[in-house]
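Q: I'd like a close look at one part of this model, the second largest pocket. Could you walk me through what lines it, and then follow the chain outward from there?

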Amino acid sequence: MLTYVYSITRYDHADRDEQGRYSGPEHTVSDHGEVEAAYLQAVAAFAADTGIDQLAVREPQVPSLAHFGVEPAVGGFGLQELFPSGLAGFHDGAQVSLDTALELVRVMLRDNGAWCRLEAEGRFAVHVGWDQYLYISSSLPCEEALAVTRELGLFPERLDASPYAFEAEEKEQYTQRPADDDFWADLHRAVVAGQAGILEEAYLEGASRWHHLTGDTLGPVRAGLAPRARIAVWPPLSTDIAAVLRALPADGLVEGVWQDDERLMCSAIVEEDAFPELTARMSRARAATLLSVYADERVPLCTAVMTDDDGALRARWRTEPTPRDRDGALGRSEGGRSGLRHVDEP
């Protein structure tokens, strides 16, 4: 944890009640003008004091089923002008210039699209909370930046820690399995055996893609996954479309996953009022499945997190361990062979 942590806001401390709640005239949304610009200048001042000109994107996320931001959602989550490759450039570990980092802070202040933490490991961090609360951490006291922030009309406050700092979740001593060469070798055996057939790629918090797996496509799928993506492996799709559709629940949320006539993978999360539309779309599929969206019912075969190119697992987010994960993921037997047996094995 960095030594110097500050909350920076537009809210005068004199306008707080005994419980610390703000009751002054300032709004809790960005003005898209001078106040917003002041926030960005403050971030730039702290970065300059710390000697930072590049930051890494950490734990990036976008709205999923619903948008809860205070401003209307924008196309491309506000990222289209920042990353030439679109969402593909917005991933955990992506290195961005200070100018791009400031634009990401602007997106977060407007609360209408993407969110992330921005960090220079061991030296600097910045992220945005609710109601225009900006949190900056540094390895240095940044006295000059504090003075600049006050001159800009903002109010810095020293904290012990940001309430939005990353905190690793305890998974009952579970050690996250990396999606390394051993994992992919195990997965290849499971795919060839007909036990695994589709892969869910959570490339951002709130966004995922689906991939159809065969012995021939496994390599290209692996090569195309986003850096540090979380992945979940599921059984093959069913070609008995009528049986899949009969399994639709009476109500609630469900995710349909299917392969269309052009072999493209599609998915949709819908409520019961959209079941007729989902049925119409899936009835034309080559193969399909239904998955629960409720955590205690959504259990894939196994999970893993993509490593960096050097084989190191640097992503801090984790997958929810499955029974096979706890047994060694795609279950290795005592003899070292895959615990997911081939169909012709005794």
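A: Three strands each put at least two residues into the lining of the second largest pocket: S2 (54–61), S4 (115–120) and S5 (124–128). S2 gives the largest share of that lining, with four residues. Keep in mind as you look around that this is a predicted model.

The volume of the second largest pocket comes out at about 620 Å³. Its lining runs to 27 residues, and those closest to the centre are Glu119, Glu121, Gly122, Ala125 and Arg316. By character, the lining splits into eleven nonpolar residues, nine charged ones and seven polar ones.

Let's start with Glu119, which sits in S4. Its relative accessible area is 16%, and since buried means under 20%, Glu119 counts as buried. The side chain of Glu119 makes a polar contact of 3.0 Å with the side chain of Arg316, and both residues are on the list of those closest to the pocket centre. If you leave out residues up to four places away in sequence, Glu119 touches Leu55, Ala56, Arg58, Phe124, Ala125 and Arg316. You can read the strands off that list: Leu55, Ala56 and Arg58 fall within S2, while Phe124 and Ala125 fall within S5.

Now step along to Glu121, in the loop between S4 and S5. Is Glu121 buried or exposed? It is exposed, because its relative accessible area is 79% and the cut-off for exposed is over 50%. So Glu119 is buried, whereas Glu121 is exposed, though both are among the residues closest to the pocket centre. Glu121 also has a partner from far back in the sequence: its C-alpha atom is 8.2 Å from that of Ala56, 65 residues away along the chain. Ala56 is one of the residues that Glu119 touches, too.

Two loops that join onto these strands have a backbone detail to check. Most residues other than glycine have a negative phi. Asp111 has a positive one, near 50 degrees, and it belongs to the loop between helix H2 (98–110) and S4. With a relative accessible area of 24%, Asp111 is partly exposed. On the far side of S5, in the loop that leads to strand S6 (134–138), you'll find Asp131. Asp131 is not a glycine either, yet its phi is positive at about 60 degrees. Asp131 is partly exposed as well, at 38% relative accessibility.

Next, strand S11 (residues 230–234), where Arg230 has its place. What is the relative accessibility of Arg230? The value is 14%, so Arg230 counts as buried. Its side chain has a polar contact of 2.9 Å with the side chain of Glu205. Beyond residues up to four places away in sequence, the neighbours that Arg230 touches include Glu200, Glu201, Ala202, Leu204 and Glu205. Also among them are Ala304 and Val305, along with Trp317, Arg318 and Thr319.

Ile231 lies in S11 too. At a relative accessible area of 2%, Ile231 is buried. Setting aside residues up to four places away in sequence, its contacts include Ala179, Phe183, Trp184, Leu199 and Leu225, plus Cys302 and Thr303. Glu200, Glu201, Ala304 and Thr319 turn up both among the contacts of Ile231 and among those of Arg230. Ile231 also has Met306 at 7.6 Å, C-alpha to C-alpha, with their positions 75 residues apart along the chain.

One more stop is helix H7 (residues 275–282), which holds Ala280. Ala280 is partly exposed, at 34% relative accessibility. Its C-alpha atom is 9.8 Å from that of Leu245, and the two are 35 residues apart in sequence.

Finally, zoom out to the whole protein. The secondary structure adds up to eight helices and 15 strands. The chain has 346 residues, and 46% of them count as buried. Among contacts with a separation of 6 or more, 71% are between residues 24 or more positions apart. As for the surface, about 17700 Å² is exposed, and carbon and sulfur atoms supply 48% of that.

Note on methods: Residues are numbered from 1 along each chain as its sequence is written. This is a predicted model: local features need pLDDT of at least 70, side-chain atom pairs count only at pLDDT 80 or more; totals for chains, interfaces and linings use all residues. Side-chain values use heavy atoms; hydrogens and water are left out. On a 1 Å grid over the protein atoms alone, a cavity is a set of points where a 1.4 Å probe fits but cannot get out, and a pocket is an open set with protein on both sides within 12 Å along at least five of seven lines; lining residues have an atom within 4 Å of a point. Grid points are joined across faces, edges and corners, and a volume is the space filled by probe spheres set on the points. Ala, Val, Leu, Ile, Met, Phe, Trp, Tyr, Cys and Pro count as nonpolar, Asp, Glu, Lys and Arg as charged, and the others, Gly among them, as polar. Buried means under 20% relative accessible area, exposed over 50%, partly exposed in between (1.4 Å probe, protein chains only). A polar contact is a pair of N or O atoms within 3.5 Å; within protein, one must be able to donate a hydrogen and the other to accept it, and residues adjacent in sequence count only if both atoms are side-chain atoms. Contact means heavy atoms within 4.5 Å. Accessible areas come from the Shrake-Rupley method with a 1.4 Å probe; for residues, only the protein chains shown count as cover.
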